[in-house]
Amino acid sequence: MNLSRVYDNSIRRYLGWRNWAVFYYNSILENVFIFFIIALARQDFSDTFLLQMLAFILFSLFSTTYGYLINDFADRKLDALHGKPNTFHGDGNLKALVVVAGVLLVSVVCALPFVQKPWFSELWALWFFMATFYSLPPFRFKEKGRIGLVLVVFAQRVIPALILFAAFEFHQPLLLIALLNFVLVKGFNSDIHHQLEDYENDRRTGTRTSAVELGKERLERLFRFALYYERVALFLVLLLLGQWTVNFLNWHPVLSFLPLGTYSTVLFAAGFREMRRGSRVQHINPFKYAEKDIFQFLHLAFPHVVLPLYFLSIISIKNWHYFIFLIILAVVYRLFDVKVLKSTFIGKLIFKQGFK
């Protein structure tokens, strides 16, 4: 058996959907710092919690993969018209269905440790319905215009976060609401960006997305406003976290408010950059991966990388086994790669100043 061929034709093709996008467009991994907030809230730094966290991440990865695969299965003809890649190109219906069902089955197995938790099964069933009929008829929510946009954001971001809170029984009402608010607007912005990217193809083929329904200019204005709101939402999360860690965990104020202070500094610098360059969408869009500027750091690198590393470093002091997860996170984001570090906003800033 040629293992390389098996990897390319099966694992990488189906599980590694579009260059392993499941790792980079996964709402749980995007907001992995929430795990560490839950650990702090429960004061549970045990190996058991670590294993439960890894089990939930596996559940999330396979569930997200199912969502992507069922979407590709439903969009085979449409993707061919758009000239877009599709996972099941060249596959028959039976093979495609077997792959989708297999991934769903693994997701079910990974969910077993959590099914007895209150609200977990109900929320998971709701997610399954929305993820399945996002693309499949008779509902095909993705073509319901503005309603479809709201539904997909809830299915991809908000409901997975609620499932996470249910699985780990997180009971901090104000912080929970603030985190959901941040996850909601963050997912909203991500999906608007994708719809703006696909606008011309969708308009040409008559696909009734929210971008086509609202028009590109109106959606860009909404996108710009939502990006500002996302900054406010994360600021509020960091403020509440600072107060909470001081009042309930008896942390030193400097340690508690360090993330807020760092974020506020970058926020101020971003505002200054906008004053010089303008606030058009193309100037402040954080999803321009080819250009890792201050806006990419503000909206993506800070919540995805900086916050998890901060909280995980603290928890690793409580239990050194979490240091293993710290290393995994560093590998995933290629933090050991000097070229990658130099290409980041902070890296470019440091080397521009001559600290070589």
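Contact here means heavy atoms within 4.5 Å. The model is predicted.

**Exercise 1. Place Asp44 in the structure, classify it as buried or exposed, and list its contacts.**

Step 1. Asp44 lies in the loop that runs between helix H4 (33–42) and H5.

Step 2. The relative accessible area of Asp44 is 18%. Buried means under 20%, so Asp44 is buried.

Step 3. Setting aside neighbours within four places in sequence, Asp44 is in contact with Ala39, Phe49 and Tyr322.

Step 4. The side chain of Asp44 also makes a polar contact of 2.7 Å with the side chain of Ser46.

**Exercise 2. Classify Leu112 as buried or exposed, and find the surface patch that holds Leu112.**

Step 1. Leu112 sits in the loop between helix H7 (93–111) and helix H8 (120–132).

Step 2. Its relative accessible area is 53%. The cut-off for exposed is over 50%, so Leu112 is exposed.

Step 3. Together with Leu105, Val108 and Val109, Leu112 forms a nonpolar patch on the surface. The accessible area of these four residues together is about 360 Å².

**Exercise 3. Compare the span of H8 with the expected value, then state which residues of H8 are buried and what they pack against.**

Step 1. H8 has 13 residues, and from its first C-alpha to its last it reaches 18 Å. This is close to the 18 Å expected at 1.5 Å a residue.

Step 2. The buried residues in H8 are Phe120, Leu123, Trp124, Trp127, Met130, Ala131 and Thr132.

Step 3. An α-helix has 3.6 residues a turn, so residues three or four places apart point the same way.

Step 4. The buried residues of H8 pack against helix H5 (47–74), H7 and helix H9 (145–167).

Technical notes:
Residues are numbered from 1 along each chain as its sequence is written. This is a predicted model: local features need pLDDT of at least 70, side-chain atom pairs count only at pLDDT 80 or more; totals for chains, interfaces and linings use all residues. Side-chain values use heavy atoms; hydrogens and water are left out. Patches are made of residues with over 30% relative accessible area and no salt bridge: like charges are joined within 9 Å, nonpolar side chains (Val, Leu, Ile, Met, Phe, Trp, Tyr) within 5 Å. Accessible areas come from the Shrake-Rupley method with a 1.4 Å probe; for residues, only the protein chains shown count as cover. A salt bridge is a side-chain nitrogen of Lys or Arg within 4 Å of a carboxyl oxygen of Asp or Glu. Helices (H or I, at least four residues) and strands (E, at least two) are DSSP runs, numbered from the N terminus. Buried means under 20% relative accessible area, exposed over 50%, partly exposed in between (1.4 Å probe, protein chains only). The expected span of a helix is 1.5 Å times one less than its number of residues. A polar contact is a pair of N or O atoms within 3.5 Å; within protein, one must be able to donate a hydrogen and the other to accept it, and residues adjacent in sequence count only if both atoms are side-chain atoms.
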